[in-house]
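User: I'd like to talk through this fold with you, starting from the core and working outwards. Can you take my questions one by one?

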Amino acid sequence: MAEQPKEPDIYLTLYRVINAPIEMVYVAWTDPGLLQRWLAPGNAVVSRAVAEVVVGGTFLIEMRWADGGSWRTRGVYREVVPHRRLVFTWCWEGSEVESLVTVEFESESAGTTRLTLTHSRFAQDEARDEHERGWLGCLAKLEDLWAG
């Protein structure tokens, strides 16, 4: 019997060096109040954030746009290693595609953190490209938490 062809894994990986200690950057990814400050791109805002940061816990972000539209994404934490690594599923409301987000934290130097974000399991290149633009906007807001 012929082996089924394996679907390609469509993913993106982004890197940032953030001017804050690893503990603070990790908290920005795990505290709902802080998630509300940065986890929506552009002029969108987070109107609701849930982060039950334990394996099997719920992840939920509701974004509102300036035009009044809203989007919800939800997921489940698959791996939680404090100050090192978070892995959670990512599924937009109304979609059946469940992707996977992996965030890794490393101390770069005193007071700075190297963040590696990998978002994988996209169904198509276009979805990856849209998410890349979104993540770039979110990461800029995350960096701004410690600017100035």
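**Core, sheet and a buried histidine**

User: Which residues touch the most other members of the largest nonpolar core?

Analyst: Keep in mind that this is a predicted model. Its largest nonpolar core has 35 residues. Those touching the most other members are W29, L39, F88, V103, F105, L115 and W135.

User: And which element gives the most to this core?

Analyst: In general, nonpolar side chains in soluble globular proteins tend to be buried together. Here the top contribution is five residues, and it comes from helix α1.

User: What does F88 contact, leaving aside its neighbours within four places in sequence?

Analyst: The contacts of F88 include W29 and V103, and both of these are also on the list of core residues that touch the most other members. The full set for F88 is W29, F59, V76, Y77, R78, S99, L100, V101 and V103.

User: What's the strand order in the sheet?

Analyst: It's an open sheet of seven strands with antiparallel pairing. β1 (10-18) and β2 sit at the edges with a single partner strand each, so one side of each has no neighbour in the sheet. Neighbouring strands are turned by 20 degrees against each other on average, direction ignored. Reading across, the order is β1-β7-β6-β5-β4-β3-β2.

User: How many bridges join β2 to β3?

Analyst: β2 (residues 45-51) and β3 (residues 58-64) run antiparallel, and they form a hairpin with six residues between them. In the turn, G56 has a positive phi of about 90 degrees. V46 has M63 in β3 as its bridge partner. The bridge count for β2 and β3 is six.

User: What is the bridge partner of F59 in β4?

Analyst: β3 pairs with β4 (residues 70-81) in the antiparallel sense, over seven bridges. For F59, the partner in β4 is G75.

User: What angle does the direction of α1 make with that of β6?

Analyst: Helix α1 (residues 22-30) packs on the sheet, touching β1, β2, β4, β5 (85-92), β6 and β7 (112-122). Its direction, set against that of β6, gives about 160 degrees.

User: And α3 with β1?

Analyst: Helix α3 (residues 125-144) packs on the sheet too, with contacts to β1, β5, β6 and β7. The angle between the directions of α3 and β1 is about 15 degrees.

User: Is H119 buried or exposed?

Analyst: H119 is in strand β7, and it touches I10, Y11, L12, W90, S99, L100, V101, H131 and W135, not counting residues up to four places away in sequence. The cut-off for burial is under 20% relative accessible area. H119 comes in at 0% relative accessibility, so it counts as buried.

User: Which side chains make polar contacts with the side chain of H119?

Analyst: One contact, of 2.7 Å, goes to S99, a residue of strand β6 (residues 99-109) that is buried at 4% relative accessibility. Another polar contact, of 2.8 Å, goes to W135. That makes the partners S99 and W135.

User: How many disulfides are there?

Analyst: A disulfide needs two cysteine sulfur atoms within 2.5 Å. The sulfur of C91 is 17 Å from its closest cysteine sulfur, in C138, so a bond is ruled out by distance. Both side chains' residues count as buried, C91 at 17% relative accessibility and C138 at 4%. The disulfide count is zero.

Terms used. Residues numbered from 1 in each chain as written. Predicted model: local features only at pLDDT ≥ 70, side-chain atom pairs only at ≥ 80, totals over all residues. Heavy atoms only, no water. Pairing = 2+ DSSP bridges. Helix = DSSP H or I, 4+ residues; strand = E, 2+ residues; numbered from the N terminus. Buried < 20%, exposed > 50% of the residue type's maximum accessible area, 1.4 Å probe, protein only. Axes fitted to C-alpha atoms, helices over the stretch in contact; angles between N-to-C directions. Contact = heavy atoms within 4.5 Å. Core = buried A, V, L, I, M, F, W, Y, C linked by side-chain atoms within 4.5 Å. Polar contact = N/O pair within 3.5 Å; in protein donor to acceptor, adjacent residues only side chain to side chain.
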